[in-house]
Every structure is written in C-alpha cells, then in structure tokens.
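Work through the exercises below with the structure at hand. Try each task before reading its solution.

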Amino acid sequence: MAMGGLAMGGMAAGDDATDADAPVPGFAIGAGERVAEKDRPLFEDIRLLGRILGDTVRAQEGVAVFELVERIRQTALRFHRDDDDGARRELQTTLDAISREKTLPVVRAFSHFSHLANLAEDQHRIRRARAHARARSAPREGTLEATIRALADAGVSRAALSATLERAAISPVLTAHPTEVRRKSTIDREMEVARLLTARDTGLLTPDEEAENDEALRRAILTLWQTSILRTTKLRVVDEVVNALSFYDDTLLAELPRLYAGFEDALAAAGLRDRHAELPPFLRMGSWIGGDRDGNPFVTADVLRTAFALQSRTALRHILAELKALGAELSLDGRLVGASEEVRALAEISPDRSAFRANEPYRRAIATIATRLAATARALGHAELAEALPESAEAQPYPSAAALSAHLDAIDRSLSANGLSALARGRLRGLRRAVSVFGFHLATIDLRQNSDVHEATIAELVALARPGIDYRALEEAERVALLVEEMATPRPLASPHVAYSEKTTSELAILREAAAARARYGPDAIRHCVISKADSVSDVLEVAVLLAEAGLMRPHEGALDLDIVPLFETIADLRAAPRIMADLFAVPAYRALVAARGNEQEVMLGYSDSNKDGGFLTSSWELYKAEIALVRVFREAGVRLRLFHGRGGTVGRGGGPSYQAILAQPGGAVQGAIRITEQGEVIAAKYATPALGRRNLEILAAATLEASLLHGDDPAPDEARLAVMEDLSARAFSAYRALVYETPGFEDYFWETTVIGEIAKLNIGSRPASRTNSRRIEDLRAIPWVFGWAQCRLMLPGWFGFGTAVTSYLAEDPARIETLRAMHRDWPFFQALLSNMDMVLAKSNIAIASRYSALVSDRALAQAIFPRLRAEWEASIAMLLEITQQKALLERNPLLARSIRNRFPYLDPLNHLQIELLRRHRAGDTDALVESGLHMTINGVAAGLRNSG
C-alpha cells in the first residue's frame, strides 16, 4: 500500500505491515524480518520523511508521476525482498517505458530517497550514541573514554601519556577531490532537515511544536525538491574553499574545542592528568584546497592568497563573536570580585568608557581585546568584521594569535585565582582553545605539486643561471651533487631581470605567496610541501632549493621553514620508499635540515594510485610493507616518522573505518602523529552535523593514542605470515595487471561500461579527470577510476585479484585455509583488509554490472572481459566467506547489512535509468533532459552508496 506517501529511502519499511501491526519488541518490515525496538525511531523518521517527500512529489509533479514512482518503489522492494523474478521483469518493463518527460522527476525522487535515508540513518547513529551515554553503558570502541580506560588498564603512566601528547600531531586534511556531487545549497537544506529531526528527538515537543516541526520539514523538503541538484557551471577552486568553510561554521569551530575540554576532564577523572592541566593543541585541521596544484592549473598564487583570506575571515568572525558573547557574560562587579593586575591594566586602556560598566574590569578588559582583534581583522583585509568597533581603526593589531592567547590567558588566570574557576571553564575555555587551534589562519594549507614540475622548474632556473648545464641530462648522483651545492649558497637561482616561462613563474610566485602567508598569519598557516610521484632523492632536494628562492629555506642559518613531504604513490614508488629515505638521510645537507625541524620527517603514502597500479590486495600489502621498512629506516637514522595517509572515501582508495585502519598499522608507524586526507563526499558524511563531526574527530584521536601507546612497540608479523601475504600479493598483482594493463582493449571497455566520460563533464570539481587528454588507464586520475566502477556497481578496485590469489594458493595445499583463518582471527591488518572487502562486495551487484557491460559497442570485447569479471567476483566472495567462516557477506556487521539490504531496492532503479540514459546519450540524443537526467542518476547512485569516491 502507498501509505499516503513514498515509504522513503534505502531503509524503508515493507508494505505488508505498519508499526501498529507489530508486537513488541519488533515490527515487521519484510518477509519474515523483524526490527529491534531500539531501531523503531529510525523507521519512524524514515516513514515521516518518506510521507512528506511523497506528498511533495504528488503536489508538485502530479498524481501520475507519484503513482509511477510508487509503483517502481513497490516493485523494486518486492524483487529484493522475495527474489521475485516476475517482479524483476515488471520493474524492467516499467522503467523501460518511462517517457522522457517523466524520467527526470522519477530520478529526482529516488535520488532524494537516498539523501533523506542517509539523514535518518545518521540521526539514528547519534540517537543510539546518546542512549548508550544516558544508560552509562560500557564505553564504545573508538571513544576517548574507552581509550582512557584501555590506557589505565594497561598501566600507561601519566608521564608516558604526557610525552606522547606533547609531540602528538593529528590532523584531518580536507581536500577538494571531485566526488562530492551535491551542491552546497542542497547540503544546507539537508542539514536543516537533520536539525529538525534532532529537535523531534527530544521527546519534549508539545503538539503545537510538533505541528510546527512538521511544517518546517515540509518546507525544507519542498525547497529541496525545487532546488537544482546539479551545478550549471564548473566549480572554481575558490568555490571549493567556500564549500569547505561551511563545515567550520556548522561543526568544527565549536566541536573541536568541546572535544578538547571533554578529553581534559576525562583524563583528570581517570587520574591521568591534573584537573586544570590543559592539553597541547595536538589535533588541528588541515587543507589542500587552494594549495594543491598537482594537475590543477587553476591553483595559483592569487588563489592561495584568496583561500587564506577566506579562512582567516572565518576564524576571526568566530573569535570576535565569541568575545562579544563572553563580554556580555562576564558582567562581574570589581567591588564584589577580585581581578589581577593584568586584567586591570587591560581594563584601564579599554575603549569602553560607559559609566554603567565602570566597575566591571573583566568586561572592559574584553572590550580592549575585542578592539585589538578587530584592528587585526582590519589589518588582514577584513574591515567589515570591525564595523561594530569603529575605535579599532586606531587600535594596535595583534602581531600573532599567540599574543591574543596571552591576553585571554590573563583573564583565565585572574578568574581562577579569585575563586571563579567555573566561569573560566565556560565560554572562555572554548574561546582560548579555538584561538590555540585555529589561530588567525583557521587551517594549515599544504602545498602540493608533481615532481615533474619541480624538475622542469629547476632545469629552467639552472639553465639560465649556470649556462652549459642541462639539468635533465644529469645522472641522479650528479643532480644530487648540484642540488646540494645550491642548498649551501644563499645566492638565489632566479633573477628578477630574467623572463621565465609561465609555469616557472607560477611556481615561484606560489612559493613566495606561501612565505607571505606565513608572515601574515603565522608559521602554522603553511607547514608542509608535498611532492607527488616522488621517486628519487633529487625530487626532495629540488624542493629544498626552490624553497630557498622564497626565503623558506635559509642556507646560512641551516633553517627550513616547511616540512618537505615525499608522496610515494605507485607500487614501484612504495617499494623504493625505504631506500629513497635512507639515501636522503645519508645526504648531510638534508639531514641537517631535518635536525633543524626537530628530527621529524613526514612521509605521505598514496592509496589511490597504488591501487590503480597494482590492485587492492597488492596496494594494501605494499603500503603495509613500506611502513614496516620505513619504521626501521627512521629508527636507524634517529628520525621520528610522521605518516600522512592519502585515503579516499572508497576501499579502493584506502577508505573504510578510520579506527580500525589506524589500529591496523604496523608497530611504530603511529608515533602520536598522523595526518589523513578527508576527501569528496566523505567530508559531508563526517562533518556536516556537530554530533557526527565530533564523533569522527574523537575516533581519529582515540585510535592514534591507542596505536601509539598500546601498540607502538608491537613486533612485525612473523616471517611465515609475511611470506603468505607476499605470495598472495604476487598472485593478485598478476591477475590484476593481466586484466587492466595487459588485456587488449580494456581501456575501451572501461570507458564504455562506466560513466567516466560523463563524469568528466559533470561540474563536481575544479580538477580535470585525467592528467592528460589520453584515455590510458595510466593517465587517468585514481578518483574517477574508482568513482566510475562504483557507479556501475562492480566496485572492481576493492576486490579484483583476491579470488584468484586465494583460490590458486589453496589449490596447492587445501590445509592452508587454517593459516588464513588464523591470520584473520588475530592480525589486525588482515582483519581490516577482509572487513573492507566484505563491505565492498556487499555493495556490488553483478547483475547490474552485466547490464552496464552491454553498453560496450564491441560485443566481442565485452564477451571476452565480463565473464572474467564475474568469475573473479564470485571467487572473491567464496574465498572471503571461506576464510571468515561467514555464511553470507556482512554476517558480522548486521547494522551495515541492514542498511544495504533495505537501501538498495531504491538504488537499483537509478542504475537502470542511468543505463538507458547512457544509451540515448551515446546514440547522439542531445536533448538537455537526457544529459540532466544522466547527471542526476550519478548524484543519486553516489548518495546511495555513500562512499563512492
């Protein structure tokens, strides 16, 4: 039955029962299936949102469209629930017969199903977390409370914990990779729906308030329906910066300080830290948006300058607002409470001369601070933030965020000394933490460029400064010698009197802008320079020489202002990484620079390109081996290792649960320091709401501390297990390379069986899909590679090669299965590997993938390749289940299994429509409705899968 509206999203209840029909403790949602009482609110939210969405479709598009959508929904649900072949044929017939005019509203309806289902599911996660907290349940895995308990149980001393926290450096780094297909406008409306669901969850709404909430939900969903899902123009880098900043306004600016406060209090309660001792700012935000120019010609010095201006404005606006609120709160009468000399000195020079506040030293001191901060805003180009404080035009700006912190610290000390610690622990505590974490720059922006560009820049500079030397013709040893020589001299290579190529000019300009940003906002504004495709010592030394051109490396002082971070991406690069780093540390000039940076060196590991290069199993194994070897090399060199993990949303790009991923690192790889990229649609999934944002930040901190303090000295796996993985990896690598790089025509198969060509036209990012105009897999960026396979529901980068590897391994000796089961039972690396593959295989659908294969124009090619894909898919599932001893995929993850099982009946129609639209589009149908519908299906499928890029 229709229930008066669409029964919503991927987790919708079935049509054969309502909540009222079911006995406690569950209610029926499908054939023979019950839902636990604790999940009842989830389905109530789903029904509510589905009913409103259905009413909206009926009112806006008419009864005929509504009934069509409802018929598709019911048929899809029946097919999945009962494995009804008749329902499958009926669904296909219905979808094939949809007119051009009705295609778009149908696609939009099912796309919104997916998005609203996500909101309901996220809200339920928050609800369950709160229920556990209220019930004082045992701390959940991944919470700081559980970590503190584990540390205490393990006997970790206060001194060891303090030492780790003092040197800790944890940073999620937001990037703008093009897998977030939603517009900011739609995300904003969805967050409004989330807030309204949260309000309903209090259980305190009166009937009138609940009716108002219903109306507000209807307005939000109506606005969503009438807001374009698609962008009409391509995003600029500045647009990507603005989009990322919204997560600071909504979540990060408030939740990071709260996380610190909660952690400090929990440590004090456990006796691991003094009650009033504050943690160092070990958890900070990073960004690549505006500084990552690898393959993105639109990132320039001007863009970097604009990115910092926008970031700075966001930080200063927040701090000024908090200062204003703090001033209103601290209306303390100096005749009733004491104030330190520092506070009184600030009050004496206050621009607030009101007689009503003459005896309020704290409020007047805060007015002084606010005025100076407003003057700082003016100096940094944000005069609009200072309009409410005109006296700031004559005030002295703060020279640094540290100077502002010093004044706030003075107020904190005075309150505490005068018996007002409770006030110091309120808004002032959060404000002080915000200043220490965000400063005037908000987030550290990394610079990133490809080593080929650095090489070309150095070659041009050398050619003009030292005629007769062809840098590119030099052998590696000769390059290193030349670069070391240049590193030792303060003489610049570049001359203001020489005209350089556009690329070289741009490279020098962005480095000089980086130096200017550090001078303007402080040294934390830019701390890292990442080298893509680093494969030699000279790749690193080239950057040192270039940094010298901007004064960021000063030879005569032996000073280096930025961490130079080699990024090892391909399988070959990962294998070479330990040797390259050992050779690099053997260069005295560079080793001296590392010493000047505190004997700490960061290395970035690339999950995406290594996967595209060698497949999932080999990529995972080579990354793990590289970490083991790097730990050894760094220990021998006396250098502390900090790893930067270039993970994406999908398993094929290093995705998967962050907590398990960090704990699966080899011993010594996490030494209190870790940076991880947060990319594409994952940013919204993790940080769109305050509760989700705080939870994900907490997971990152908890896992890092556990890995450092509880597993930091874990030995490498025994040689027998290493040998097993090496064997499996070699077999998987051979199978993967044979398919992707050695099968004639495979690149044509990929381009025709996926929406990669159409994705390239979608306005979802500023970066081109390929590094060149080539169709070669080698030249394709890893993100669209994975995104394309996700859209056709094959998920190839997350499993291909595993089935062949294990099958052939066991064929030689069936008894080996016990070895693999033991590895899965007690080796975190192997557990995480198989857990992630379990998820990917559960999200794949070979039947739908076969329909995409039918799009390939060369039928002989399709018939040669797809059976191989099917056989490998089946073998991978069989071997996974054999090792894990599960009867079905996700048997040990019932929550995800439930979500997938109930979500996908509403995802499949989008795939079917996408295939039909692809046929029309590729046949030359230029109707705008076809292209719009196609792009909307991409949006909807990505939403349903959640981690698609």
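The exercises go from the whole chain to one sheet.

The model is predicted: local features need pLDDT of at least 70, side-chain atom pairs count only at pLDDT 80 or more, and totals for chains, interfaces and linings use all residues. Residues are numbered from 1 along each chain as its sequence is written, and side-chain values use heavy atoms, with hydrogens and water left out.

**Exercise 1. Describe the fold content and compactness of the protein chain.**

Step 1. Count the elements. There are 38 helices and 13 strands (DSSP runs, H or I of at least four residues for helices, E of at least two for strands, numbered from the N terminus).

Step 2. Compare the radius of gyration with the globule rule. The chain gives 29 Å, close to the 30 Å from the rule for 949 residues, so the chain is as compact as a globular protein of that length. The radius is taken over C-alpha atoms; the rule is 2.2 Å times the number of residues to the power 0.38.

Step 3. Add the extent. The C-alpha trace spans about 80 × 80 × 60 Å along its principal axes.

**Exercise 2. Work out the strand order and the edges of the open sheet.**

Step 1. List the strands. Nine of them run β5-β4-β3-β13-β12-β11-β10-β7-β6, with parallel pairing. Two strands pair if DSSP finds at least two bridges between them.

Step 2. Find the edges. β5 (444-445) and β6 (447-450) each have a single partner strand, so one side of each lacks a neighbour in the sheet.

Step 3. Inspect one pair. β3 (residues 169-175) and β13 (residues 673-679) pair in the parallel sense over seven bridges. T175 has Q679 in β13 as its bridge partner.
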